[in-house]
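Hi,

Here's the structure I said I'd pass along. Have a look, and my notes on the charged pairs are just below.

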Amino acid sequence: MVQLIMTLEQKLEHGIQQAVDELLKQQSDLIAISVLSSIHLPILARFLSALKKKSTVTTIAGGPGITGSIPNYSSIGKF
């Protein structure tokens, strides 16, 4: 069971890294993310962390799923 969890964790991390790399290829000045459900907040936090490591592009997350602060970020909307 532990091995399965580790494999899923690795696949998730790989998918997030691929999404960040693909997004950064666009060379945008602003990234806006719509969060539809608070269930997505843990994935959003991981995505933003990966994005922050690779870029300083202004990123705004909003939508009905933003229900409170995201750990390690100073505001709800702008990261």
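R46 comes out as partly exposed, with a relative accessibility of 25%. Bear in mind that this is a predicted model. R46 sits in helix α2, which covers residues 41–54, and its side chain is in a salt bridge with E13, at 2.9 Å from N to O. E13 belongs to helix α1, so this pair ties together parts that are 33 residues apart in sequence.

R46 has another partner, too: E9, where the closest N and O atoms are 2.7 Å apart. E9 is in helix α1 (residues 2–24), so here the parts being tied together are 37 residues apart in sequence. Put those pairs together and you get a network of salt bridges linking E9, E13 and R46.

How exposed are the two glutamates? E9 has 38% relative accessibility, which makes it partly exposed, and E13 is partly exposed as well, with a relative accessible area of 31%. Neither falls under the 20% cut-off for buried.

Away from that network, K25 and E22 also form a salt bridge through their side chains, at 3.5 Å from N to O. K25 is exposed, at 58% relative accessibility, while E22 is partly exposed at 45%.

As for the overall tally, searching the whole structure turns up four salt bridges. The ones described here include E9 with R46, E13 with R46 and K25 with E22.

Cheers

Conventions. Residues numbered from 1 in each chain as written. Predicted model: local features only at pLDDT ≥ 70, side-chain atom pairs only at ≥ 80, totals over all residues. Heavy atoms only, no water. Helix = DSSP H or I, 4+ residues; strand = E, 2+ residues; numbered from the N terminus. Buried < 20%, exposed > 50% of the residue type's maximum accessible area, 1.4 Å probe, protein only.
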